[in-house]
Amino acid sequence: MPVINRVAAFSDEVAAWRRDIHAHPELGYEEKRTSAIVAEKLKAFGCDEIVTGIAKTGVVGVIRGRKNGSGKVIGMRADMDCLPLQEIGDIAHKSTVANRMHACGHDGHTSMLLGAAKYLCETRNFDGTAVVIFQPAEEGGAGGELMVKEGLIDRFGIREVYGMHNMPGLPTGHFALRPGPMLAAADRFEIEIEGRGAHAAKAYEGIDTVVVAAHMITALQSIVSRNVDPLKSGVVSVTYVRGGDAFNIIPQIVTLRGTVRTLEPQVQDLIQARLTSVAQQSAAVFGARAKVDYRRGYPVTRNHEVETGFAAEAAKDVMGADHVQTDIEPSMGGEDFSYMLLERPGAMILVGNGETAGLHHPAYDFNDAAISAGVSYWARLAEKRMPA
Ligand SMILES: [Zn+2]
Ligand SMILES: [Zn+2]
């Protein structure tokens, strides 16, 4: 495989960093050990500037090219946080912390971007500035948004920004992306149904929130099938039902929670409005009340057309055109890299993780066979976008 030779030569070293980070996972905004390792390595590589403490535990490294006449500044982003999950895989570098696990491969993302920083510091074969961004708290903590709020883009003068995520099921050495929506907007909702508690033997004296919840859950499933244009995309999932403590009491309150995923603002607005109305009206039918708390989360991760082309060309340069899919279907997962793409043009690319357990599965492990391709992609992207 035509990865960059110099990168292939030190990919075992990158794998060793990856396994060390894997063994010591840290949740969002708690990535103290990880970010200290990142900062220390960036220093050892000879980064021109290293800033720590952006968005609490975030780290940014600045690498200036051999030439700096172009004025170009390219941001390249990785995430560092783990998940609250107990690892079940039997591997040498298994997590040493109970209920903490790198089940999304952010250990791999961090290590690959470190590998790219090492290569770019050594070679500096570009005209401009490469900014390597190590963000905290991707898994629900919106670390990417906080970095943007704390001035990431302006402080470093970033003009374009790129992200990478591994993808189980896509062979190693393969890349995939698309222009437009790559990942969905991820919203969450909580519905509190209040009826009237009663003895279960005298249900007629109460308002049965369990029956209301059952009808409501079914009715909510009509939104995507009956209200959303069938040629557009939406997901409504009720993932949590809580109510009652006994077999002979009708509970006063039942709480539902869930998630909504969409790819377009119009569909997002529609589902939010319908979900609220369906919840309130279906409660009213039975004389109950529903309080709906709908919160918008990560926006759609929308790849910019031109920069998607740049990213695809860099990937093709490394692995060949037959290893790069440029028209994959969007995923209904979410990503807070989306906040960076709202600020500057750029693209997120998927790198193959081979036949491993899925993301967020307790047996998942980032595939070190992906490292050479991933690091080479980053390196080539910087060199191609800022030719010396
Ligand atoms: Zn994840
Ligand atoms: Zn992830």
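In the predicted model, I54 of the first hairpin stands opposite G58, a residue of strand β2. The two strands concerned, β1 (residues 49-54) and β2 (residues 58-64), run antiparallel and are joined by five bridges. A second facing pair in this ladder is formed by E49 and V62, the latter again in β2. Three residues separate the strands of the hairpin, and among them A55 adopts a positive phi near 55°.

Strand β2 is mostly covered, with five of its seven residues buried. Besides its pairing with β1, β2 pairs with strand β4 (residues 129-135) in the antiparallel sense, over six bridges. V62 takes part here as well, standing opposite V131 of β4. V62 of β2 is thus placed opposite E49 and opposite V131 in β4.

These strands belong to an open sheet of eight strands, arranged in the order β1-β2-β4-β3-β5-β16-β6-β15, in which the pairing is mixed. The edges are occupied by β1 and β15 (324-325); each has a single partner strand, and therefore one side of each is left without a neighbour in the sheet. Further along the order, strand β5 (residues 160-167) and strand β16 (residues 346-352) run parallel and are connected by seven bridges. H165 stands opposite L350 of β16. As a rule, the strands of a sheet pair through backbone hydrogen bonds, in either a parallel or an antiparallel arrangement. Helix α4 (residues 106-123) lies across four strands of the sheet, namely β2, β3, β4 and β5, and runs at about 145° to β3.

The loop between β2 and β3 (73-79) contains K72. This residue has 19 other C-beta atoms within 10 Å and is partly exposed; because a residue counts as buried at 20 or more such atoms, K72 falls outside that class. When neighbours within four places in sequence are left aside, the contacts of K72 are with G128, R159, R385 and M386. By contrast, the C-alpha atoms of K72 and A201 are separated by 73 Å, the two residues being 129 residues apart along the chain.

The chain is divided into domain 1, comprising 5-182 + 300-385, and domain 2, comprising 185-295. The C-alpha centres of domain 1 and domain 2 lie 38 Å apart. Five residues from domain 1 and five residues from domain 2 make up the contact. On the side of domain 1 that touches domain 2, four residues are nonpolar, one is polar and none is charged.

A second open sheet consists of four strands in the order β10-β12-β8-β13, with antiparallel pairing. Here β10 (234-243) and β13 (289-295) stand at the edges, each with a single partner strand, so that one side of each has no neighbour in the sheet. Neighbouring strands are turned against each other by 20° on average, direction ignored. Within this sheet, strand β8 (residues 185-194) is joined to strand β12 (residues 253-262) by 10 bridges, and the two run antiparallel. One of the bridge pairs links A186 with R261 of β12.

Two helices are placed across the strands of this second sheet. Helix α7 (residues 209-220) lies across β8, β10 and β12 and runs at about 170° to β10. Helix α9 (residues 265-285) lies across β8, β10, β12 and β13, with a direction at about 160° to β13.

A helix-to-helix packing was also examined. Helix α2 (residues 11-23) packs with helix α12 (residues 371-385) at an angle of about 105°, and their axes are 10 Å apart. This angle makes α2 roughly perpendicular to α12. On the α2 side the contact is made by S11, V14 and A15, and on the α12 side by I371, S372 and V375. By class, the residues of this contact comprise four nonpolar and two polar, with no charged residue.

Note on methods: Residues numbered from 1 in each chain as written. Chains lettered and ligands numbered in written order. Predicted model: local features only at pLDDT ≥ 70, side-chain atom pairs only at ≥ 80, totals over all residues. Axes fitted to C-alpha atoms, helices over the stretch in contact; angles between N-to-C directions. Parallel < 35°, antiparallel > 145°, perpendicular 65-115°, else oblique. Contact = placed C-beta atoms within 7 Å. Nonpolar A, V, L, I, M, F, W, Y, C, P; charged D, E, K, R; others polar. Pairing = 2+ DSSP bridges. Domains from an automatic or database assignment. Buried ≥ 20, exposed ≤ 12 C-beta atoms within 10 Å, placed from the backbone.
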